[in-house]
Amino acid sequence: MAPLDGLRVLDLTMWRPGPYATQLLAQLGADVIKVEPPGGEPMRMFRDHFDVLNRHKRSVVLDLKSDGGRASLMSLAEGAEVFVEGFSPGVAERLGVGHEALRKLNPRLVYCSISGYGAEGPLRDVPGHDINYRAYAAALPPDAVSPEADELPLADMSAATMAAFAITAAVLKARATGVGDRIDLGMADVLAHWVGTVPEATRRSGAGPVPGYGVYPTKDGRKITLGVVSEERLWAATCRALGIEEHAGVPFTERLGRIGELDGAVAAAVAKLTMAEAMERLSAAGAPVAPVLSRAEMIALDHFELRKIQEEGPVRTTVHPPLPGGTAPELDEHRGRGWRLTQ
């Protein structure tokens, strides 16, 4: 049995943030019914994206603009513990499936709304996507450029993960008290909170915050990362592996005053090696090193294969493990199965 066995979730979300949030719940055993509009979620056009975000879910098609579709949704909501929607603020209410309407029907329901800027505030009605939320939250660097198509959508994924966490916490409270809750989750809010925990940048030196912490090009056009912070042993190991032993004994406080000089020495030493050579030397010395991998290289990495990250998700438990594998549902595949449907 997975940790969330028995948790019933109605998922009215599309694209990435909401579906990834409910995918995390489904991977842990929640019974997620994906409610799709006639014709299906637009993301179905991109099956390589859709399938990995909708495994272990069930699918039904409901037209929420019709009386029958709304009646069917109400029937489903009556037996659910969680309701997740990703409409623009106010849309769910106009459709008759807002928090207040469903709360009257099911007081124990945890109702989660995921939107760009949240359901309240001056920006609530501003349209946007990942890059807009990052910009408002100061999560783009001053020298930011337009993202590539394969850039990680930070706002989407962070909001989805936060939503799954908040939903689980609210369900625990609802089960204990019999009273559900409304989760108003703004994607920009999550990034703004994250940025607020990091000290404000006062300079742009081109080097990392301390020597030996950053991204370093190698002789063959690849890159590695080093993660030395204050640890004397990690700094010494890095210096010895790179053949700059003369700097190995420099204490942390002194390193902070010589960032440009010492980080330059590290960069110059790495630049003389191929990525494979740098990885071999630094790994053997016990330095905190990692290669900058492509997506294909990451997928094939033995570490992630062993931990079954793509198959079972990022959460690993021992007693009640996540569900393995799984496929995304075909459109309307589960009509009439399980919960009541009156349409």
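Analyst: Rings of Phe, Tyr and Trp (its six-membered ring) pair if their centres lie within 6.5 Å; planes under 30 degrees apart count as stacked, over 60 as edge-to-face and the rest as tilted. The model is predicted, so local features need pLDDT of at least 70 and side-chain atom pairs pLDDT 80 or more, while totals for chains, interfaces and linings use all residues. Residues are numbered from 1 along each chain as its sequence is written, and side-chain values use heavy atoms, without hydrogens and water.

User: Which residues form one aromatic cluster?

Analyst: The cluster consists of Tyr 117, Tyr 133 and Tyr 136.

User: How many aromatic pairs does a search of the whole structure find?

Analyst: A pair of aromatic rings is described by the distance of the centres and the angle of the planes. Here the search of the whole structure yields three pairs. One of them, Phe 83 with Tyr 111, is stacked, at 4.8 Å centre to centre and 20° between the planes. Phe 83 belongs to strand S4 (residues 82-85) and Tyr 111 to strand S5 (residues 110-115), so the pair ties together parts that are 28 residues apart in sequence. Strands (E, at least two residues) and helices (H or I, at least four) are DSSP runs, numbered from the N terminus. Phe 83 is buried at 0% relative accessible area, and Tyr 111 is buried at 0% relative accessibility. Buried means under 20%, exposed over 50%, partly exposed in between (1.4 Å probe, protein chains only).

Tyr 117 and Tyr 133 make an edge-to-face pair, with 5.1 Å between centres and 85° between planes. Tyr 117 sits in the loop between S5 and H6, and Tyr 133 in helix H6, so this pair ties together parts that are 16 residues apart in sequence. Tyr 117 is buried at 8% relative accessibility, as Tyr 133 is at 6%.

User: Which residues have a positive phi although they are not glycine?

Analyst: Trp 15, a non-glycine residue, has a phi of about 65°. Trp 15 is in the loop between strand S1 (8-11) and helix H1 (17-27), and is partly exposed at 40% relative accessibility. Ala 138 likewise has a positive phi, of about 60°. Ala 138 is placed in the loop between helix H6 (130-136) and helix H7 (154-177), and is exposed, at 52% relative accessible area.

User: Is His 334 buried or exposed?

Analyst: His 334, in the segment after helix H15 (309-312), is buried at 12% relative accessibility. Apart from neighbours within four places in sequence, His 334 is in contact (heavy atoms within 4.5 Å) with Lys 57, Arg 58, Ser 59, Val 60 and Pro 329.
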